[in-house]
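Hi,

Here is the structure I promised to pass on. Have a look at it first, and then read my notes below.

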Amino acid sequence: MSNDNNVDGRMVHLVSQEGESFDVPLPVAKLSELVKTMIDEDQDEEEAQEIPLPNVKSTILAKVIEFCRQYSVEPMTEIEKPLKSANMQEVVQQWYADYATVEQEVLFELILASNYMDIKPLLDLTCATVASLIKGKTPEEIRKIFNIVNDFTPEEEAQVREDNKWCEES
């Protein structure tokens, strides 16, 4: 974010799926590429522009805004790929690691919202958090974490393991 945006005192109203409006400083809102493209730069400075976000629930939008506010003050360190640790505190600053420690359903909704709103640092954080959940886990453990039903017969599973044995030889 460039410093010239920080002097802009304008606000925007981000409107959730339920119609709830959130007042957000323009520079914070512009962390979303979607919002940035929807902002009318010629708008009267006295009047806050309303940006509808019909794909984002109020509870999730509040979390997205919380992330953007923090990011505008203290940008998150870039996440190295592949993930160096399953412990997110070793990957990003403590605030961001704590932020991403949420229920699975909330985490997946944050992924959808950050993808829809085009907020790359939030998408990186949430996807890295999911990756940290499965890093070093067996297929059985991953199925348990995400409540995935194994629909392979024992014979099919044995065949897949045989076909992909090279993956586990490192």
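Which residues in α3 meet which residues in α5? Keep in mind that this is a predicted model. On the α3 side you'll find Ile60, Leu61, Lys63 and Val64, and across from them in α5 sit Val106, Glu109, Leu110, Ala113 and Met117. Sorted by class, the residues of this contact are seven nonpolar, no polar and two charged.

Let me back up and introduce α3 itself. This helix covers residues 58-73, so to speak a run of 16 residues. From its first C-alpha to its last it reaches 23 Å, close to the 22 Å expected at 1.5 Å a residue. Several of its residues are buried, among them Ile60, Leu61 and Val64, which also turn up in the contact with α5. Ser58, Cys68 and Gln70 are buried too. The buried residues of α3 pack against two strands, β1 (11-15) and β2 (21-25), and against the helices α1 (26-29), α4 (94-99), α5 (104-117) and α6 (120-134).

Now for the geometry. In general, a pair of packed helices is described by the angle between their axes and the distance between the axes. For α3 and α5, the axes come within 10 Å and cross at roughly 70 degrees. An angle of 65 to 115 degrees counts as roughly perpendicular, and therefore that is the label for α3 and α5. The crossing is right-handed.

What about α3 and α6? Their axes come within 10 Å and cross at roughly 110 degrees, so α3 and α6 are roughly perpendicular to each other as well. The crossing of α3 and α6 is right-handed. Here Val64, Phe67 and Tyr71 in α3 meet Pro121, Leu122 and Leu125 in α6. By class, that contact has six nonpolar, no polar and no charged residues. Notice Val64: this residue of α3 is in the contact with α5 and in the contact with α6.

One more residue to click on is isoleucine 145, in helix α7 (residues 139-145). Is isoleucine 145 buried, partly exposed or exposed? Its relative accessibility is 25%, so isoleucine 145 counts as partly exposed. Leaving aside neighbours within four places in sequence, isoleucine 145 is in contact with Gln104, Leu133 and Lys137. Try finding glutamine 159 too: isoleucine 145 and glutamine 159 are 14 residues apart in sequence and 24 Å apart in space, C-alpha to C-alpha.

Cheers

How values were computed
Residues are numbered from 1 along each chain as its sequence is written. This is a predicted model: local features need pLDDT of at least 70, side-chain atom pairs count only at pLDDT 80 or more; totals for chains, interfaces and linings use all residues. Side-chain values use heavy atoms; hydrogens and water are left out. Helices (H or I, at least four residues) and strands (E, at least two) are DSSP runs, numbered from the N terminus. Buried means under 20% relative accessible area, exposed over 50%, partly exposed in between (1.4 Å probe, protein chains only). Contact means heavy atoms within 4.5 Å. The expected span of a helix is 1.5 Å times one less than its number of residues. Axes are lines fitted to C-alpha atoms, for helices over the stretch in contact, and angles run from 0 to 180 degrees between N-to-C directions. Angles under 35 degrees count as roughly parallel, over 145 as roughly antiparallel, 65 to 115 as roughly perpendicular and the rest as oblique. A crossing is left-handed if the near helix is turned anticlockwise from the far one by less than a right angle, and right-handed if clockwise. Ala, Val, Leu, Ile, Met, Phe, Trp, Tyr, Cys and Pro count as nonpolar, Asp, Glu, Lys and Arg as charged, and the others, Gly among them, as polar.
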